[in-house]
There are 4 protein chains.
Amino acid sequence: MILRDPVHGLVAFEGEDEKLARALLDTREMQRLRRIRQLGLISLVFIGAEHSRFAHSVGAAHVMIRLLERLSQVMDRVPAEERLDPVSRRDAIAAAFLHDIGHGPFSHLFEEIVPKALHHEDWTEAIIMDPSTEVNRALRAFDPEMPERVCALIRKRHPVAWLSSTVSGVLDVDRCDYLLRDSMMTGVRYGLYDLDWLLRVTTLAPFHSSGRLRTILAIEGRKGLSPVEDFFLARYFMHQQVYHHKATRAGECLVRAILRRASELVREGSPAAAGFPPALRMAALGELPSLSDYLELDDMTLSVALFSCEKNCDPLLSELSRRLRNRALFKTISLPPNPEKAWLWEEAHLIAKDIAKSAGFDPDLYVWLDLPEDVPYRDNREGEGMWVLVEPGHLFPLGEISFTIARLRNQRILWPRLCFAPELRDCLVPAVGELLGRKDPSN
Amino acid sequence: MILRDPVHGLVAFEGEDEKLARALLDTREMQRLRRIRQLGLISLVFIGAEHSRFAHSVGAAHVMIRLLERLSQVMDRVPAEERLDPVSRRDAIAAAFLHDIGHGPFSHLFEEIVPKALHHEDWTEAIIMDPSTEVNRALRAFDPEMPERVCALIRKRHPVAWLSSTVSGVLDVDRCDYLLRDSMMTGVRYGLYDLDWLLRVTTLAPFHSSGRLRTILAIEGRKGLSPVEDFFLARYFMHQQVYHHKATRAGECLVRAILRRASELVREGSPAAAGFPPALRMAALGELPSLSDYLELDDMTLSVALFSCEKNCDPLLSELSRRLRNRALFKTISLPPNPEKAWLWEEAHLIAKDIAKSAGFDPDLYVWLDLPEDVPYRDNREGEGMWVLVEPGHLFPLGEISFTIARLRNQRILWPRLCFAPELRDCLVPAVGELLGRKDPSN
Amino acid sequence: MILRDPVHGLVAFEGEDEKLARALLDTREMQRLRRIRQLGLISLVFIGAEHSRFAHSVGAAHVMIRLLERLSQVMDRVPAEERLDPVSRRDAIAAAFLHDIGHGPFSHLFEEIVPKALHHEDWTEAIIMDPSTEVNRALRAFDPEMPERVCALIRKRHPVAWLSSTVSGVLDVDRCDYLLRDSMMTGVRYGLYDLDWLLRVTTLAPFHSSGRLRTILAIEGRKGLSPVEDFFLARYFMHQQVYHHKATRAGECLVRAILRRASELVREGSPAAAGFPPALRMAALGELPSLSDYLELDDMTLSVALFSCEKNCDPLLSELSRRLRNRALFKTISLPPNPEKAWLWEEAHLIAKDIAKSAGFDPDLYVWLDLPEDVPYRDNREGEGMWVLVEPGHLFPLGEISFTIARLRNQRILWPRLCFAPELRDCLVPAVGELLGRKDPSN
Amino acid sequence: MILRDPVHGLVAFEGEDEKLARALLDTREMQRLRRIRQLGLISLVFIGAEHSRFAHSVGAAHVMIRLLERLSQVMDRVPAEERLDPVSRRDAIAAAFLHDIGHGPFSHLFEEIVPKALHHEDWTEAIIMDPSTEVNRALRAFDPEMPERVCALIRKRHPVAWLSSTVSGVLDVDRCDYLLRDSMMTGVRYGLYDLDWLLRVTTLAPFHSSGRLRTILAIEGRKGLSPVEDFFLARYFMHQQVYHHKATRAGECLVRAILRRASELVREGSPAAAGFPPALRMAALGELPSLSDYLELDDMTLSVALFSCEKNCDPLLSELSRRLRNRALFKTISLPPNPEKAWLWEEAHLIAKDIAKSAGFDPDLYVWLDLPEDVPYRDNREGEGMWVLVEPGHLFPLGEISFTIARLRNQRILWPRLCFAPELRDCLVPAVGELLGRKDPSN
């Protein structure tokens, strides 16, 4: 099976890999990922970013095949019990295909707004393990234990730790694909690192921790520093420029408002909630949606549902929905990013809510304190993070040995902002500006 | 206003252009294009091709600005009455933004399946001219006559013919953008021609035809041949490899089948047709949908409608819908492309329908004769086509002067195929193979 | 050994390939290719085209490794005696490294101007076979017969014909690399075809000709048509836009004039010829330069020699040399490309020479009739050209089955031009214009 | 005048710019830059890096035109006396063309080895100011004061400081071009930053320092941080991976050895020094070469001279020269980069020289202590460095406001290494390893 991909060009699955790819790609649950955009509402700001989680999953599996091909060159360094074999290789490729299978619509929004919603990782596990899904059936057709092993890889409880870290780690195939893909599709080129070279300098090395010896993914030699520094800087820039972009976040606050209002209507038993998707209704009531209801949710069904709220009999819901449809996003004021000034965030939020109330807007729907954060590079002495094999037997933490990564290491970066309806701007900006001691806090 | 775009990088609309861009992009009708994919079902085959007509329209407007900037360097050659002025410049940019505004979901499928449907060009005109639309209001806010002039540019009835041809012509901003965009997003790189160089060699020249002198868009000098040959070859390759790809076409036949069955149910007054979108119901009844009903249709609403047919009480509709959702596309057999052998196509179609009937499949839903065609480069002596200004005063038709385009000129290329349910394959392939004298006609 | 390359990114030679690469790249004769530009004087026109034949040779070897990797997937179709084995694989990679080893300075100019000069192919053979060279020694260290087998591959007399055709054929690794490299370095993007896809559709097939069955390189299936059409069109465009560009050719005529005058001085025994490189002196006298003298010639030594002629006591040589140094190239008039009008070329040449003489310029140095030509795609029934394996057992000539290649097939394309000193322009242009019936023939 | 360039694609000089470009590019001194590679000996390691300073100079002028076009949008913020006018615009473009005109062969090597050699900046000034050069004449033809003003821009003594900083500053057109060009040509993609976006965020701002108000180049708003961070990180990576690559530096030490030996021979009045280029002879004698002698030196003439030393009667010179020709570069041992350990460098150097002496090698020719260093980003309170205009009137130093640049700011990074003849390796590695406490110090 040969696919064309904007990011990787030719993507070929051949021999045993082709069997696996066909078996998984044709499942109903993988096909659903075609209808879930990788970047959710970000296409409201970056007009090209319509790419699906389906394409990303195929890309991640492609990178996995390349990575394992590279690592097989150094497999003789690995003790027998941790060595790659045809079975664990297939498991790893399956895990790459399936790592996002549990994602809901609009990226993380759904799980965020509904308190009792499972996290997408839990849904991923449910979809892989539940015997009713086509994915589960496809995996079992290879081997009855395969679903469990694939989950173990994704959830980091697999006995071969290094293999797990290729699926979920600081430098995993998920990130490898999405940085390139998001970068290309948004047109923000900072995410374009050199994948060929990165794969080339990846290796495996023995690592002692807590009295145990295990194999970890590592960077080979000082020559590997630049490609891996470039990778983490790419990740840093993409958060700065895309994932936490103020207009995206403002769009997300608007959807949050719609979902919050919709949930209220469900809980009130309002007739206005009649047509909502079952999964949304269950979640709003604090109950767990069934797997099949959850799988009905995707960007398309949820968008159509949200848009149709424009005609809802609840005036608040209808009004918010119209804003979304017409892309009348909320406005933002950035707050001081220093966590020691967190009291200012709350203060600003209170001021804003008061202003909203006086202006006749529901403060819980029209004013939001948005607190996105990111740690660009995380490591610790237990083996989390990346290690550099400077010479045989000498592993050093990337965060110590690299001049630039040392800067990003374990830093929590915050982009605190107030988001609010544009109508509040004229009152809100001077009031918050006064609090912050800035003339124009919207910059 | 600065946008990031995967194709053009930075896309800036500044000064007067910014006003226009803001006014148009924020309309409800332009925002709807976010929900219509440029390539319809082609993402079923090319996994990255999820880009929207919205991004394409922005790209076309960007190319228009660059083209007019280039042409303004030679504007002194143009008689006063055909010269670009601020008003016609703004009209042309608006036309580039709006040229696709009337497109329905799934590319051309909707208008194809429903006999009385308006063509997308007619909907485009309706949307621009109807005083109820936000687009019409936005244009009128600039100038009451602007809607009419913009339509004239798009429908080729504008008094300044060369300006019309930048919107709708053999080398227009629509093609300039979509070849690059589709090429990049599908990963099929044949569509990547050199836009910078193409703009550079574009010029304006006086042209005599039917006793009248007018200005036409032309290519400047022999040095312009290569970029423009490359452009038309790119177009040729994209048709060959993408637009008429067999799997895409097979997917479209499946959607055709669903729409045909749905239309039947509407006409029969079946309760199974209850939840269909109003525009679809009207069209099925041979009536013209209202503009607002038409505008409710987009890839999302139609997809959700088609997918929900899986639970329809009509077993045929339900069965077809499940195939689409699970991407169980039809299979194809290619037929001889020579139009003199058209009788073989009909013959093969009849054989296939008989086989379907015997196998218990509705032949009008499960067997399709698909006849895509394209003329890679079209010209005539009336001025259609491209002209090359070899030296001042000496215009030659591109189709005569270019070694490669002479080959493509006015050639009608056909890709005739049978499309059918996979279950029919074992009976159908040998039967049609015998007719065609080929062992395996599925190649 | 891992190299970085602007065209292919990472170029890795590993295991046995690394041994071969190290052995060959470190030879004095391969190192000399660092000092010979791939495109000779073309950098006078395309300012970035300074790339060396050394980088090209490395690139060709890299493509060979990729091509053989691809073909090894279909090697089971090949009869035992034509199958790739480790020895023939190594030979082929060596041939790719060495195919240009005999090239002299300034591309083909040296062999063109000096009547008895060997062609670069003959020098290639001499360098590989002569026991005094480091290349010969390096090959013999692997296997005493290796030099002969490598020559056989390059000179198309190897028993395994398909392998020879990967080194010297219509679609060989030489072209595969140079189209991409020249395209990138000149900034003329028409040469950028899709190498990944091209390799993918390459296959091997049995072929009957002259009562003999042999294996040939072929294209797999109709899906392979587009990449291979694109490749030959890329080649066509590069000839049109780069290799036969008028300014390049005018620069070459100037160097021809210098070499011609220098040769005359050698033959006259003039003291002015004292400092010329020995190889040049021998060639001018109609004798064969020694291999070691030939190897002393490269772009650097010849350039320094030509430039130093500026101070030569022969006024003609000095004058021509100063023009080159200051890039005062000749001017050109294009002549009708139709070979039936070849009499016009001679006529124009005579007129021009007369004008030169009257103006006091040596007509054999300051006026040149330049007749570059190319056949964009060549095939015949003996197996030259490319074949398409439409289905197993059914081979068709590319030139018949492809719509676009049919156009280029066996077409001889000419770019006849007069080249002359700029001082002659004012007299020459009207005189030749009158002959050709054109007002301004310099366009 | 339209040029094709691998980096910038189309490079057009039009109107007044075309006149300037023609006048300068055709001068003998600019043409000489065709024969000086941008990266000197780096092509010994990165096989594609053959690009010339000529192409770079054209690229720098192209970036200058784009930068000034961008800045003219904000020129109304600038006081009249610092505003761009047609004359200063032309001066700045000329300065971009000419900023490297004084460079000698092999990058900085020539000036480094010869104690009394002028720096290339001094030669640049001499070439522009000396009435005998074609460059001087070309500039004077525009305006008698132009040479002086162009020099003032290049040497940072121009009254309009911001304009000077576009030629020589932390973010100047020189760096803008060479990072992209070197990155592309070496195949090391870390240097590829986003020029379009960088130009977009560049602005001009009033700046108070030492009681004076002047205009400086600045970054507009926080949105400009990412592109400018990316630029300085690109610079940092290119130093790490390319400019200070160990094999490059080892090659340079070999050339240093040849030049040192050649200088000795000149000073000794040895007949072996007979054929050396006059400029080299003068420099070796501690005298200033004449301008015309200096201009005879380029990569070609110096290479041919160095290579011909292979046949020199001085055995040392001959031996060193053969190494260069056959690319038998020196080997390296990296030393601890901490400047507090500088005593170890000297220690290691002494040990190495002793070992060389014992082995019969001249320690001053065959052992070198190489101390390349770089400050990735330099700023100070006097206005050196880059400033960010966070909001109107509020300028902050980039090094304070940027999370990543704060890390690089005013850091002196060192890559100390021993370079030595490969024959010394077996003795030297253990001896130095012991000193450094490392098993294998060659890693």
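In the predicted model, the contact between chain B and chain A draws on 43 residues from chain B and 43 residues from chain A. About 3800 Å² is buried between these two chains, with 52% of that area on carbon and sulfur atoms. On the chain B side, Arg4(B), Ile47(B) and Arg325(B) contribute 21% of the area buried against chain A, more than any other three residues.

Four salt bridges are found across the interface of chain B and chain A. One of them pairs Arg325(B) with Glu296(A), whose closest N and O atoms lie 3.3 Å apart. The interface also holds 10 residue pairs in polar contact, both residues being at pLDDT 80 or more. Elements of chain B that each supply at least two residues to the side touching chain A include β1 (2-5), α3 (53-71) and α17 (315-325). The largest share, six residues, comes from α16(B). By class, this side of chain B comprises 15 nonpolar, 11 polar and 17 charged residues.

The contact between chain D and chain B involves 10 residues from each of chain D and chain B. Together these chains bury about 970 Å², of which 54% is on carbon and sulfur atoms. Leu10(D), Trp197(D) and Arg200(D) lose the most area in chain D, accounting together for 51% of what that side buries. Four salt bridges link chain D and chain B, including one between the side chains of Arg200(D) and Glu14(B) at 2.2 Å, N to O. On the chain D side, β1 (2-5), β2 (9-12) and α11 (195-200) each provide at least two residues, and the largest share, three residues, comes from α11(D). This side of chain D has four nonpolar, one polar and five charged residues.

How values were computed:
Residues are numbered from 1 along each chain as its sequence is written. Chains are lettered from A and ligands numbered from 1 in the order in which they are written. This is a predicted model: local features need pLDDT of at least 70, side-chain atom pairs count only at pLDDT 80 or more; totals for chains, interfaces and linings use all residues. Side-chain values use heavy atoms; hydrogens and water are left out. Contact means heavy atoms within 4.5 Å. Buried area is the accessible area (1.4 Å probe) that two parts lose on being put together, summed over both. Helices (H or I, at least four residues) and strands (E, at least two) are DSSP runs, numbered from the N terminus. Ala, Val, Leu, Ile, Met, Phe, Trp, Tyr, Cys and Pro count as nonpolar, Asp, Glu, Lys and Arg as charged, and the others, Gly among them, as polar. A polar contact is a pair of N or O atoms within 3.5 Å; within protein, one must be able to donate a hydrogen and the other to accept it, and residues adjacent in sequence count only if both atoms are side-chain atoms.
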